[in-house]
Structure formats: C-alpha cells, structure tokens
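Q: I am new to this structure. Please show me how its features are to be read.

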Amino acid sequence: MLELDIYIVDAFTKQQFKGNAAAVVPLQQWLASEVMQSIAAENNLSETAFIRVLSANQYEIRWFSPLTEIDFCGHATLAASYVIFNHLGAQGDIEFLTAKVGALVVNQHSDGRIEMSFPNQCPQVVEQAPAALLAGLSVKPTQVLQNRQAYFAVMASEQDVKSLSYVSDQLKQLAPYDVVVTARGSAITNEYDFISRYFWPANGGDEDPVTGSIHAGLTPYWAKELAKTELLAYQASQRGGILYCRLAGERVLVSGFAVLYLKGTAYL
C-alpha cells in the first residue's frame, strides 16, 4: 500500500475558507497520469498540484483540475510553494520545472508572502469577439482580448464585474480557452487597481475562486492601461482573494499569502 501526504492550502488569503483551496501531493516519482487525475477528481478542488523533487530547491510540478491536466496554475503553485517552504524545510529560492510554461522561480518574503515569477502572457486585442462569449456574459464588454489561456472581457466598471452573470453552456463552446472578466478598480473606494472574475466550465468548473495564472496576462494589460508597474488586484469571487502584481520586463511577479487547512494521508 502506497501512503501519500496530501496538504490542502487556501491560497491568496490569510484566512481559512477564503482565497482558493488547492491540494498539494509531494511525490518521489510520478504516478500514472490516470491515477493523478483520479486523485484530483477525488479531492474535487479546483486544482491538485503534484510535485516531484529533482534536487535541493528544484521540483517538477504538474496541475490537475477534477476534469483534466492543465498547462499552468498559479494558486496551486503558491500552495505547493507554501508547503515546500513551511513543511518541507526549503530556504531561499525554489524552482519549478513545467512542461508548458518553462521554469517558475518562487521565493518567500520575510512577512510570509510568497512571490512567483511567471512568463509575461499579455493578451492581444480580438477584432471580432466570439458569439459564444457575448452570449455567455450578461454584460457586454468594452473590449475583448485573448492570450494562450483565456479570452479577456474588459468591462466598463467594477460593478459590472461583480454583478455579471454567465451561461456555462455558452462559455464551454470557447474551449480550450477560459474567460476572465476584468475592470479598473473603483475610483470611489480606491482599494484595488483592478478586479476580475474567472470562468472555466470547459476545463475545471464554473467560476474559479482565485486564479493566479491569469494575472500573468492581467498584470501587463493593466500596467499599460494604468501606467504603473506595481498593482494590487482582487478576484471578486464568493471566496475572494488578493494578489500583489508587478511587471518586470518579460516576467510578471505575482505574490500572495497562504494558510494551511488540512494535512492528511491517502492510501493507494
């Protein structure tokens, strides 16, 4: 019988039951892909991250939603980093090797905030928005862009993002792309530079609580729009999450806090 440690971590928050929960499973060797997919489905969280140690402070990482293996997940990378720093004894920078987005370097600040270096995935303007995108959102965007991960629907106001409803069956037609809706933060409260919500019915679930990876695209977009390189972002899901974002040339630095919810053992 194989015993596996499983950590469940709430990412992009300092409070349990906020942010986005991810499971983290450290491995010595990869399991069969179908077994890892079954574990992710059993966990039934937006992501399960499997990490395999290569050498001191260097790991391979793979991410699985309950439905499929995915190319890139920020909040599960943050959760995995939290486990490595706080439960597996790592110090200094750690590096994750990935199949689709190259090497990801992560460090932990003295206050506990974990910073991840992502590739710049700035979206490009789409001349004609897909009909399924417009039919799937209750509010018409002022602009539509796209990168390798998702369509970006830019809204006129923060309230448009918060009040928006969506039709999953329409958004599923955009597969393999997901959908992020975003707007400049309210000038009245002046609390966040920009906010967003993220929908991925074709790849994981209806609405993702907090999506670190999409901020590799949101950060360069809003950095240009707001003429600033350091931004504070909020993902306005029911759970909510705060992301600290910085544009650094061809890299995007995304950071946040995390908190452990559960450590358990799986028996296979």
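Q: Which residues make a nonpolar surface patch of about 220 Å²?

A: This is a predicted model, in which local features need pLDDT of at least 70 and side-chain atom pairs count only at pLDDT 80 or more, while totals for chains, interfaces and linings use all residues. Residues are numbered from 1 along each chain as its sequence is written, and side-chain values use heavy atoms, with hydrogens and water left out. Patches consist of residues with over 30% relative accessible area and no salt bridge; nonpolar side chains (Val, Leu, Ile, Met, Phe, Trp, Tyr) are joined within 5 Å, like charges within 9 Å. Areas are obtained by the Shrake-Rupley method with a 1.4 Å probe, and for residues only the protein chains shown count as cover. Here the patch is formed by Leu-2, Val-35 and Leu-268.

Q: Where is Leu-268 placed, and is Leu-268 buried or partly exposed?

A: Leu-268 is in the segment after β18 (258–267); strands (E, at least two residues) and helices (H or I, at least four) are DSSP runs numbered from the N terminus. Buried means under 20% relative accessible area, exposed over 50%, and partly exposed in between (1.4 Å probe, protein chains only). With a relative accessible area of 46%, Leu-268 is partly exposed.

Q: Which residues of the largest nonpolar core touch the most other members?

A: In soluble globular proteins, nonpolar side chains tend to be buried together. A nonpolar core is a set of buried Ala, Val, Leu, Ile, Met, Phe, Trp, Tyr and Cys residues joined through side-chain atoms within 4.5 Å. The largest one has 54 residues, and Phe-12, Ile-51, Trp-63, Phe-96 and Trp-222 have the most contacts with other members. Helix α2 (residues 74–86) gives the largest share of this core, eight residues. A separate second core has 20 residues, including Leu-137 and Val-144.

Q: How many salt bridges are found in the whole structure?

A: A salt bridge places a side-chain nitrogen of Lys or Arg within 4 Å of a carboxyl oxygen of Asp or Glu. The search finds seven. One of them joins Asp-71 and Arg-148 (3.6 Å, N to O). Asp-71 is in the loop between β5 and α2 and Arg-148 in the loop between β10 (143–146) and β11 (150–154), so the pair ties together parts 77 residues apart in sequence. Asp-71 is partly exposed at 36% relative accessibility, and Arg-148 is partly exposed at 43%.

Q: Where do Lys-162 and Glu-158 lie?

A: Both are in helix α4 (residues 158–163), four residues apart, about one turn of the helix. Their salt bridge has its closest N and O atoms 2.9 Å apart.
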